[in-house]
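Me: I have a structure open and want to go through some of its helices. Can we take them one at a time?

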Amino acid sequence: MQFVQLDDFLMYNFLSEVRMNPGGKGAAYIVSSADAANNGYTSDLYYLRRLERDCTSIRLSHSGKVGSYAWLDGERLAYAEQKAPDEEAPFGRTEIYAAGLYEDAAPRLLFSVEGAARIEAALSDGRLVLTRVDNLRHLVALEGLSGEAYREKAAALKADDALCTVFDEYPFWFNGRGVINKTRKAVYVCAQDGSGWMRVTPQGFRTEYVSAGGDQIAYTGCEVNPVESYLTAAYVWDARTGGTVCVQPGEVCHIDGIALWNGRAAMVSSKMDRYSVSQCPDIIVADPATGERRQLCGWQDELNVGNPVASDCRLGGGYAMRGSGDWLYFITGVADDSHVWRINLEGRTEVVSAQRGSVDAIDVLGETVCMVAMREMRLQELYCAQAGGKDARITSWNDDFYLAKPPIAPECCNFVNADGVEIHGFVIKPADYRPDRKYPVILDIHGGPHLSYGAVYYHEMQYWANHGYFVIYCNPRGGEGRGNEFGLLSGKFGTIDYDDIMAFCDAALEAYPAMDAGRMGVTGGSYGGFMTNWIIGHTDRFAAAASQRGISNFVSMEGTSDIGTLFAKGQVNATTHTDVEKMWRHSPLKYADRCKTPTLFIHAEQDYRCWMVEALQMYTALINNGVPTRLCLFHNENHELSRSGKPNARIRRLTEITNWMDRYLKTEQA
């Protein structure tokens, strides 16, 4: 038997950005994989001629740098590659290529554009829709310059940026993007040769979501003057007239997704007025031509849009919502899985795909859905589905690994808590499991908290199980996929969720006598890091802990998280000026002086979701109290370290956690 190794993720293939051929012939998608030699990842564009299992995918690019693409017609695609800064392009550039659907057809450079751009779609008139992150200060300073004058000014701007970073807006940074002060994601259109370059969005507007196709571009976002509002607006731009219509005024709701659908804009929105930031959304459809608005479903219908099922085996993204014919299709979380549903203009819903696992991205043509999914404990593959039909797997990118090292399937370990609520849990047995032995245990806690765990492939869990551990995990209250009341954790952090997790540990230990209660460890990231920090201040039942990118102090989080002031207010229902005592009461740092558990802290220097001060504060409290502790601060990494961090950093992170657990949990059995 071959065991899963710590660095096996270097062999995984990650699929994303599936787009069906508008001519009805197959689908394109991006395949990414780790590039260990260069400590990075490669991404290339592939095309599957038919949505059938025996059809071989054709590779359309070979650079390993494809970041986005769009169909030009049924025979051609355009894709974008970002290039590093050089003397000619001090802030980098994006090259746009055209590719035909034949292996022997070499891609052709169409044009290049300054900065980091992404292709969103092609309009019916042939123009390309691109988004680009612009620095407003740079735009003003460089306007009208070219040649040597441009290069000299750009070099001076870069030197000034390196000397001093100015903040005069809020939020001022964002995880994975760095400093966002005076930057704006803007929408542009241009001809396929790069001419006719025109900005669609106002210069000061910060765009969030974009959907484009036909003769329209729908987008959401807000002005930043100087504070960015979490309550956003939505607009539709008409390529035929050049006019823009507001279909959702700002300062009313937060829009968490938009999709064009037969000339209308379908929006996923929430006023957050009943269940705070965890409130299930409304789905609203607005017609820019007539002004007609329809609410297809509301928060009380308890649907969500998007995939809440966590995994560390994804790279890239894709559509979560697409309109086709009489239906709007979307990914939705249902308990511990994500499914594909559809809804029509009358608000009638139908289930399209309901297999166990995770749906990560979709596209729709007619009534056929092509999706990137994780099913049957497999890594990502393409699947095809239709309403009322059975999903069919149509690619086999990860078959070799699946067959060589079959995953250990998690077993359900559900129980009813003291409040009468069923909590869903999972147990992965050690690879060498024997019922007459005793094994150490690692409790893994998901992030969010508005996410969920499911029966999907998780590299770190499979590795630990292959390394001789029971791995246990559950979905406490506060997670997504089970409605508003279940998901409501605002103002309750460290209370009902902590009770659920501790009760789950008790239930798992009772159901699996081979677990050694004296050799249990706990770990988790983001919200899971918060809960790890909370646990070590409230119980001594764990022999080791590894807190990753966690929250320790809601007071310090209020002004440092990239989510802005809403983060603490939305999670704790308090601010430092309304109820600082409540914020402190829900902060793990308050209870750090009680901690006796040996604790490892994993954090990233460029984590702007939960800034490194969160780890530093807990580490300082523990080490000064004589608790065995260690802090690993990863340079040039961010909040996504465990999922999309550089390969070397991901290997080091998992090595540190495993070594820490081994040190305290793998003692000789009595």
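Me: Which residues in H6 meet which residues in H7?
Reply: This is a predicted model, so treat the contacts as computed. On the H6 side the contact uses Asp-497, Tyr-498, Ile-501 and Met-502. Their partners in H7 are Tyr-527, Phe-530, Met-531, Trp-534 and Ile-535.

Me: How many residues of the contact of H6 with H7 are nonpolar, polar and charged?
Reply: Asp counts as charged, while Tyr, Ile, Met, Phe and Trp count as nonpolar. The contact of H6 with H7 therefore divides into eight nonpolar, no polar and one charged.

Me: At what angle do the axes of H6 and H7 cross?
Reply: H6 covers residues 496-511, and its axis comes within 11 Å of that of H7. The crossing makes H6 roughly perpendicular to H7. The angle is roughly 80 degrees.

Me: Which elements help cover the buried residues of H11?
Reply: The buried residues in H11 are Glu-614, Ala-615, Met-618, Ala-621 and Leu-622. They sit on the same side of H11, because they cover an arc of only 135 degrees around the axis. What covers them includes helix H7, helix H8, strand S37 and strand S38.

Me: What span does H11 reach from its first C-alpha to its last?
Reply: H11 runs over residues 613-624 and has 12 residues. At 1.5 Å a residue, 16 Å is expected. The span is close to that, at 16 Å.

Me: Is Thr-599 buried or exposed?
Reply: Thr-599 lies in strand S37. Leaving aside neighbours within four places in sequence, Thr-599 is in contact with Ile-536, Ala-545, Leu-622, Pro-628, Thr-629, Arg-630 and Trp-660. The cut-off for buried is under 20% relative accessible area. Thr-599 has 0%, so the residue is buried.

Me: How many of the residues of H4 are buried?
Reply: H4 spans residues 459-466 and is mostly covered. Its buried residues are His-459, Glu-460, Met-461, Gln-462, Tyr-463, Trp-464, Ala-465 and Asn-466. That is eight of eight.

Me: Which strands and which helix do the buried residues of H4 pack against?
Reply: The strands are S32, S33, S34 and S35. The helix, at residues 647-665, is H13.

Me: Which residue just after H4 takes a positive phi?
Reply: H4 ends at residue 466. Just after H4, a phi of about 100 degrees appears. The residue is Gly-468.

Me: What phi does Gly-626 take?
Reply: Gly-626 comes just after H11. Its phi is positive, at about 80 degrees.

Methods. Residues are numbered from 1 along each chain as its sequence is written. This is a predicted model: local features need pLDDT of at least 70, side-chain atom pairs count only at pLDDT 80 or more; totals for chains, interfaces and linings use all residues. Side-chain values use heavy atoms; hydrogens and water are left out. Helices (H or I, at least four residues) and strands (E, at least two) are DSSP runs, numbered from the N terminus. The expected span of a helix is 1.5 Å times one less than its number of residues. Buried means under 20% relative accessible area, exposed over 50%, partly exposed in between (1.4 Å probe, protein chains only). The arc is that of the directions from the helix axis to the C-beta atoms. Contact means heavy atoms within 4.5 Å. Axes are lines fitted to C-alpha atoms, for helices over the stretch in contact, and angles run from 0 to 180 degrees between N-to-C directions. Angles under 35 degrees count as roughly parallel, over 145 as roughly antiparallel, 65 to 115 as roughly perpendicular and the rest as oblique.
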